[in-house]
Amino acid sequence: MDKIPSEKPDTIHPEISEEEEPPSKSSFIDEASLLDEYLKSRNDRDKNTISERSLSFLQTFFPEATIKEWNSWHWQIKNSARSIEQLARYIWLSENEVKPDGPNSQSLPLRISPYYISLLDRNNPEQALRKSVVPVFDEFLLHPGEASDPLSEEHDSPVPNVVHRYPDRVLFLVTGFCSTYCRYCTRTRMVAKDKCHIGVKVWEAGLNYIEQHTEIRDVLISGGDPLTMPDLHVEYLLSRLRSIPHVEIIRIGTKVPAVLPQRITRPLVNMLKKYHPLFISIHFTHADEITPEVTEACEKLVNAGIPLGSQTVLLKGINDDVQVMKKLMHALLKIRVRPYYLYQCDPVVGSGHFRTTIEKGLEIIRGLRGHTSGYAVPTYVVDAPGGGGKIPLLPDYFVGREDDFVLLKNYEDKLFRYPDYST
Ligand code: SF4
């Protein structure tokens, strides 16, 4: 096995790229004031944002903690709420929310970072963000068609933790840990035991498989959440993948920038940008997640040349409304995250209360397409059960044919005859 790379020795200013270095001695500008200005801007740049809302939460519930501690992702993980009793310290819980921590316990563990708790409405169990992370009794109800592995990922797994479904790309599940668990998680089976990181040794079979299969040009690293791993482990994985000649692009799927923006540190970003072309898909649920902290985290990633896309799960009572979805898509574009996928909620066990009809998803796409920038319209997909893969769905704009014309409807439902014949 290759050695895990040792962390690079810290340079004096590890976060400064060459083009940002202070001017050389030959410069005619007053060096002292320039250095002052430079250090000030560097301090400003490195100062992590804390929004008023989170600051007030910190002062109320963690009066002993400093802002520096709050902005440490390790502190955030250590102080996450992991039980209903702990959560009850911060928010008033409804009867439906209190029940899950009973003797049967919930199938998916509870974990919410203090930062994300600070975004929850203390008194309103119907708040969108709260419904996405606070367990409710409905999780214990089983509905027809639900399964623990609804996408049959394990069936398409030639070696542990690798899902090879499409010819030229694989999904690499590198950890079962997330900093905050979404109640509708497709991989409940994998994160169910709240186990910690799988560990680098277990990745070997997957890395060898990718090495041996020259048709694989795209690797999506997911989990769990890969960005909850230490920098050293993320870098080990990226460097191993980057050393495989046929792997052209690497993607990371994560919810960390939305639930634990403190994790997006300068050292992490400086490390990530060594492994281009690297793409990051971020799981966003609602516009209320786009806080100053999240804006800053995404800005750091984009400024490092990492294209960001969003993945959103369509969820009943959370974002199943045209205006709510439009607001999220607009908010994402403003922070330079390109809306990518809107997923139909997978039929994982206990997710019935989150699922909408497919007509609802089509209604949302119809309400976006033509009514706002094309960049703000994600691709709506259903992941077919049994490993059928993603099936894109579009409202019917094609009405039919009349001789040498097709009949098409536009976004305003107006009918058009379009000449369509070959000569
Ligand atoms: S971040 Fe992703 S893997 Fe983790 S709980 Fe949410 S949906 Fe599941």
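1. Start with one residue pair. Gln311 stands opposite Tyr341 in strand S7. This is a predicted model, and the pair is a good place to enter it. The strands concerned are S6, residues 308–314, and S7, residues 338–344. They run parallel and are joined by six bridges. Another bridge into S7 links Ser310 with Pro339.

2. How does the chain get from S6 to S7? The path goes through helix H15, residues 322–334. This β-α-β crossover is right-handed.

3. Tyr341 also leads onward. Its bridge partner in S8 is Thr379. Strand S8 covers residues 379–384. S7 and S8 pair in the parallel sense, over three bridges. Between S7 and S8 the chain passes through helix H16, residues 358–368. That β-α-β crossover is right-handed.

4. Now place these strands in their sheet. Nine strands form an open sheet in the order S1-S2-S3-S4-S5-S6-S7-S8-S9. The pairing in this sheet is mixed. Which strands form its edges? They are S1, at 162–163, and S9, at 389–392. Each of these two pairs on one side only.

5. There is also a sheet of three strands. It is open, and its order is S10-S11-S12. The pairing here is antiparallel. S10, at 398–402, and S12, at 415–419, are the edge strands, and each pairs on one side only. On average, neighbouring strands of this sheet are turned by 25° against each other, direction ignored.

6. Look at the contact between S10 and S11. Strand S11 spans residues 405–409, and four bridges join S10 to this strand. The two run antiparallel. Phe398 stands opposite Leu408 in S11. Gly400 has Leu407 as its bridge partner in S11.

7. The turn of this hairpin deserves a check. Two residues lie between strands S10 and S11. Asp403 takes a positive phi there, near 50°.

8. How many residues of S10 are buried? The count is zero among its five residues, and S10 is hardly covered. For the whole protein of 423 residues, 36% count as buried.

9. Turn to the ligand. Which residues surround it? They are Cys178, Tyr181, Cys182, Cys185, Arg187, Val191, Gly223, Gly224, Asp225, Lys255 and His283. By class, this shell has five nonpolar, three polar and three charged residues. Cysteines at 178, 182 and 185 are among the residues around the ligand. So are the glycines at 223 and 224.

10. Finally, the overall count. The protein has 16 helices and twelve strands. What share of contacts joins residues at least 24 apart in sequence? Among contacts between residues at least 6 apart, the share is 77%.

Note on methods
Residues are numbered from 1 along each chain as its sequence is written. This is a predicted model: local features need pLDDT of at least 70, side-chain atom pairs count only at pLDDT 80 or more; totals for chains, interfaces and linings use all residues. Two strands pair if DSSP finds at least two bridges between them. Axes are lines fitted to C-alpha atoms, for helices over the stretch in contact, and angles run from 0 to 180 degrees between N-to-C directions. A residue is near a molecule or strand if its C-beta atom, placed from the backbone, lies within 6 Å of it. Ala, Val, Leu, Ile, Met, Phe, Trp, Tyr, Cys and Pro count as nonpolar, Asp, Glu, Lys and Arg as charged, and the others, Gly among them, as polar. A residue is buried if 20 or more other C-beta atoms lie within 10 Å of its own, exposed if 12 or fewer, and partly exposed in between; C-beta atoms are placed from the backbone. Two residues are in contact if their C-beta atoms, placed from the backbone, lie within 7 Å. A crossover is right-handed if, with the strands pointing away from the viewer, the path from the first strand over the helix to the second runs clockwise.
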